[in-house]
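Here is a set of short exercises to work through with the model open in your viewer. Try each task by yourself, then compare your steps with the solution.

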Amino acid sequence: MLILGIETSCDETSAAIYGEAGLLSNEIASQIIHQKYGGVVPELASRAHIKNIYPIVQAALDKAKVKLSDISGIAVTFGPGLVGSILVGLNYAKALALALDKPFIGINHIEGHIFANYLQANDPRPPFVTLMISGGHTLLILVKAPGEYQIMGSTRDDAAGEAFDKVAKMLELGYPGGPIISKVAEQGDPNYVRFPQAKMKDNQKYDFSFSGLKTAVLYHLQKLTPVERKNHLADIAASFQHALVEVLVERSLELLAELKLNRLSVVGGVAANRWLRQRLEDEAIKNNIQLFIPSPILCTDNAAMIARAGYYRLSSGQTSPFTLSPQPSLALTT
Ligand code: KG4
Ligand code: ZN
């Protein structure tokens, strides 16, 4: 079975080929047009997807050295995400499926991220905990079996990636904020400022809240002169990153302990963060935890994870009807 995966839910146009032999290609066109606006402009994203989709699918086929007629099925993101962006990939996938007379399956983007860990050398064996951290989501998920999920915690306000993006904006570092903060922070002192690490009430102890941290960074910046601000930019970035990462690490370890599990999978754009990866590796050794984190290119949005999730669903006989429409607010579980 050979699956063509397509991902267009936000600002990456991506196509990938996955089959029994593993991942054969994963082509990604990141839209740089949004950088000058400081965030994703939905209309521009849709237009860029329309321009990119055909060459990206072609590039994925070429790289994998396969033809469209070799494909057994097509997997495509149908939510959550930007409606206009999803529509481009979904319609393209439907048209291909119709023309080739091949099955297609709509994939939940969040489930796609979880499947990124099934592209590595070792698959995490269920049950395990997944920390899903992206620009739109911050979730602690109990994966009971592939496709069987229980949400154990989520964010009350900003997603982890959103907090990185907003703080980067305050520091005038540009968009997307995560990779830039991560780079700037390498030169900084993570203990320069003690930013708050919000604890939640007992009945919501696996939830997250990053708005207090974001406001604390803003208040701290307001107290500084322009020169102090410039001189301590790296220290502030490192202190912010440290505070946010500690919350993610601590909550994940607490949940593992409560569930008496020792397998942790970490996925989504923020999982590409080097400081977080290091902290998790240290804690995993200390606490005898088996840690699963995809390589950075499979953490941020990509079609490889969509193809992998599609492979799982199509090979178990599931398909989607041609009436499937984009679902911008699709949740992981209903
Ligand atoms: O998973 P993703 O590519 O798209 C969504 O589904 O949202 O995640 C994008 C988010 C952005 O907020 C971006 O700033 C963040 O992931 N991100 C990072 C890093 N790389 C991307 N955050 C922290 N450190 C990074 N290295
Ligand atoms: Zn994503």
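**Exercise 1. A pocket and its lining**

Find the second largest pocket, then work out how much space lies in it and which strand gives the most to its lining.

*Solution.* Keep in mind that this is a predicted model.

Step 1. The volume comes first: about 180 Å³ of space lies in the second largest pocket.

Step 2. Next, select the lining. The residues are Phe78, Ile105, Gly106, Ile107, Asn108, Glu111, Arg313, Gln318, Leu330, Ala331, Leu332 and Thr334.

Step 3. Now look for the main contributor. With 4 residues, E5 gives the most to this lining.

**Exercise 2. The sheet that holds E5**

Write down the strand order of the open sheet that includes E5, and explain which strands stand at the edges.

*Solution.*

Step 1. Trace the strands across the sheet. The 5 strands follow the order E3-E2-E1-E4-E5, and their pairing is mixed.

Step 2. Look at the two ends of that order. Strand E3 (22-30) and strand E5 (104-108) each have a single partner strand, so one side of each is left without a neighbour in the sheet.

Step 3. Check the turn between neighbours: on average, neighbouring strands are turned by 20 degrees against each other, direction ignored.

Step 4. Zoom in on one pair. Strand E1 (residues 2-7) and strand E2 (residues 12-19) are antiparallel partners, paired over 6 bridges. One place to see this is Glu7, whose bridge partner in E2 is Ser14.

Step 5. Add the helices. Helix H1 (residues 42-64) lies across E1, E2 and E3 and runs at about 25 degrees to E2. Helix H2 (residues 83-100) lies across E1, strand E4 (73-79) and E5, at about 155 degrees to E4.

**Exercise 3. The sheet that holds E6**

Do the exercise again for the open sheet that includes E6: what is its order, and which strands stand at its edges?

*Solution.*

Step 1. Here 5 strands form an open sheet in the order E8-E7-E6-E9-E10, with mixed pairing.

Step 2. The edges belong to strand E8 (148-154) and E10; each has a single partner strand, so one side of each lacks a neighbour in the sheet.

Step 3. From one strand to the next, the twist averages 25 degrees.

Step 4. For a pair to inspect, take E6 and strand E7 (residues 138-145), which run antiparallel and are joined by 6 bridges. Thr130 stands opposite Ile141 in E7.

Step 5. Finish with the packing. H8 touches E6, E7, E8 and E9, and its direction makes about 160 degrees with that of E6.

**Exercise 4. Two cysteines**

How many disulfides does the structure hold? Then decide whether Cys10 and Cys299 are buried, partly exposed or exposed.

*Solution.*

Step 1. Recall the chemistry: a disulfide is a covalent bond between the sulfur atoms of two cysteines.

Step 2. Count them. The structure holds 0 disulfides. For Cys10, the nearest cysteine sulfur is that of Cys299, 16 Å away. A pair counts as a disulfide within 2.5 Å.

Step 3. Turn to accessibility, where buried means under 20% and exposed means over 50%. Cys10 counts as partly exposed because its relative accessibility is 24%. Cys299 has 0%, so Cys299 counts as buried.

**Exercise 5. Backbone surprises**

Look along the backbone at Pro80, Pro127, Lys260 and Asn288: in which loop does each lie?

*Solution.*

Step 1. Start from the usual picture: most residues other than glycine have a negative phi, and most peptide bonds are trans.

Step 2. Take the prolines. The peptide bond from Gly79 to Pro80 is cis, with omega near -10 degrees, and Pro80 lies in the loop between E4 and H2. The bond from Pro126 to Pro127 is cis too, with omega near -5 degrees; Pro127 lies in the loop between helix H3 (109-115) and strand E6 (128-133).

Step 3. Go on to phi. Lys260 is not a glycine, yet has a positive phi of about 55 degrees. Lys260 is in the loop between helix H8 (233-259) and strand E9 (263-267), and is exposed, with a relative accessible area of 74%.

Step 4. Asn288 has a positive phi near 55 degrees. Its loop runs between helix H9 (274-286) and strand E10 (290-292), and Asn288 is exposed at 59% relative accessible area.

Conventions. Residues numbered from 1 in each chain as written. Chains lettered and ligands numbered in written order. Predicted model: local features only at pLDDT ≥ 70, side-chain atom pairs only at ≥ 80, totals over all residues. Heavy atoms only, no water. Pairing = 2+ DSSP bridges. Helix = DSSP H or I, 4+ residues; strand = E, 2+ residues; numbered from the N terminus. Axes fitted to C-alpha atoms, helices over the stretch in contact; angles between N-to-C directions. Contact = heavy atoms within 4.5 Å. Buried < 20%, exposed > 50% of the residue type's maximum accessible area, 1.4 Å probe, protein only. 1 Å grid on protein atoms, 1.4 Å probe; cavity = no way out; pocket = protein on both sides within 12 Å on 5 of 7 lines; lining within 4 Å. Points joined across faces, edges and corners; volume = space filled by probe spheres on them.
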